[in-house]
Amino acid sequence: MVKRCFAAGVCWTLLMGCVFAAHAVTFEVTDGNSTCIKAELSASFSISYNAANGTCCLIVVLDECLLTGVSLAGIVSVMTNASDISARLNSTYRCLSSMSVSLSTEVNVTFSDVRMEAYMNGANLSTNESVCSADQTVTTAAPTPSPRTTVAPSPVPLPAPEHGNYTITDGNGTACLLALMGLQLNITHHSKSLNKTVSKVMNLQPNRTTASGSCGVPRATLMLSEDLTNLTFAFTLNLTTQKFFLSAVNVSAFWPDMTDWFVEGNGSLNFLQCSVGRSYMCSVEQMLAVVPTFSINTFRLQLQPFNVTANRFAAAEECRVDQENMLIPIIVGAALAGLVLIVLIAYLIGRKRTHAGYQTI
């Protein structure tokens, strides 16, 4: 007769088989005074076998089953190498969920509430646990909200700077350098608040700017200071070509949000070239690139650093951009005049031919 029993430590006799209720047990394997393997677990066995009578009793010894009172010759051992039990070294395997292991076609073991460690360093189970996959709860991460993209407002361009009138006099009080211009400074520096490199533009305000300098041949200087901004222009006169030009610019500034003083300069420039005895003029905006991190925009510029007479500008020598701007209307006017002339000539020729076609009667 085939009977099915369930492993446990208590046995109830039934008409056709045995049922055993599982309970938690502790196993410990030692080597001398050292603990090698320790396990705390609950296990239930399902076994099918042929018995001689209606009662059975089961003794559990880890992976062996000892059956007594049955029609078998003695101890029957069954085992398997297939197991999902694995853990990190020096950690306790923990699995509270039920887990079935098939030892053979007749014997199945279901473990639960398992805490087990092998290759132990001490007598107690490690607090460091390797949790089985069945006990690991799957958490669904909340969807990350898409960050809102805030479009930074476009910076409002500065208006054109005010027109400043700067005069340097010699020891006799006679004007020797004249400058009439609006100045806009462009500086690239490290921002203290943003912690990155930024570009900032500032207009020089004539009512808050003091002018100083010196006159001489072949060099004249103009120094402008407004609060913590200092700007120096140096002009050189070429005695061979009899032309002057802006040869050097130096700046030192400490603006809000700067981490330190901004100090730059260039002594090998060749801007604003003009004949001596004349004043340089440029009505349009032009940009003077001093160094990669510093440039100056000039507006409605007129200056004369040498040969100033009667405290006023000499005849102006206009910049190339102004000259080109003056040529455009001249060219357009000449083209229109030429077109009118062509139309007039065509009209007169046509009229003469018309009169030649008539005869007097």
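What follows is a chat about the strands, cores and a pocket of a predicted model.

Visitor: Let's start with strand β24. Why is β24 described as largely enclosed by the rest of the structure?

Guide: Strand β24 covers residues 294-304. Buried here means under 20% relative accessible area. The strand is largely enclosed because the residues that pass that test number 10 of the 11.

Visitor: Which residue of β24 is the bridge partner of Ala179?

Guide: β14 and β24 run antiparallel, and nine bridges join them. Within β24, Ala179 is partnered by Leu303.

Visitor: And β22, which residue there stands opposite Leu303?

Guide: β22 also pairs with β24 in the antiparallel sense, over three bridges. Opposite Leu303 of β24 stands Tyr280.

Visitor: How many residues make up the hairpin link between β23 and β24?

Guide: Strand β23, residues 286-291, runs antiparallel to β24, with five bridges between them. One facing pair is Ala289 and Ser295, the latter in β24. The hairpin gets from β23 to β24 through two residues.

Visitor: On to the packing. Which strand gives the most to the largest nonpolar core?

Guide: In general, nonpolar side chains of soluble globular proteins tend to be buried together. The largest nonpolar core here has 41 residues, and those with the most contacts inside it include Met181, Phe294 and Ile296. Seven residues come from the top contributor, strand β14 (residues 175-191).

Visitor: Val249 is on that list of well-connected core residues too. Which residues does Val249 touch, leaving out those up to four places away in sequence?

Guide: Val249 does rank among the residues with the most contacts inside the core. Its contacts include Thr232, Glu264, Gly265, Asn266, Leu269 and Val290. The rest of the set is Leu231, Phe233, Phe294 and Ile296.

Visitor: How many residues are in the second, separate core?

Guide: Among the members of this second core are Leu41, Cys95, Val109 and Cys132. The core is separate, and its residue count is 11.

Visitor: Last stop, the second largest pocket. Which elements each supply at least two residues of its lining?

Guide: The second largest pocket holds about 190 Å³ of space and has 12 lining residues. Nearest its centre lie Gln273, Tyr280, Glu318, Cys319 and Arg320. The elements that each supply at least two lining residues are β21 (271-275), β22 (279-282) and α1 (320-356).

Visitor: How do the residues of that lining divide into nonpolar, polar and charged?

Guide: Tyr280, one of the residues nearest the centre of the second largest pocket, also stands opposite Leu303 in β24. As for the lining, it divides into six nonpolar, four polar and two charged.

How values were computed
Residues are numbered from 1 along each chain as its sequence is written. This is a predicted model: local features need pLDDT of at least 70, side-chain atom pairs count only at pLDDT 80 or more; totals for chains, interfaces and linings use all residues. Side-chain values use heavy atoms; hydrogens and water are left out. On a 1 Å grid over the protein atoms alone, a cavity is a set of points where a 1.4 Å probe fits but cannot get out, and a pocket is an open set with protein on both sides within 12 Å along at least five of seven lines; lining residues have an atom within 4 Å of a point. Grid points are joined across faces, edges and corners, and a volume is the space filled by probe spheres set on the points. Helices (H or I, at least four residues) and strands (E, at least two) are DSSP runs, numbered from the N terminus. Ala, Val, Leu, Ile, Met, Phe, Trp, Tyr, Cys and Pro count as nonpolar, Asp, Glu, Lys and Arg as charged, and the others, Gly among them, as polar. A nonpolar core is a set of buried Ala, Val, Leu, Ile, Met, Phe, Trp, Tyr and Cys residues joined through side-chain atoms within 4.5 Å. Buried means under 20% relative accessible area, exposed over 50%, partly exposed in between (1.4 Å probe, protein chains only). Contact means heavy atoms within 4.5 Å. Two strands pair if DSSP finds at least two bridges between them.
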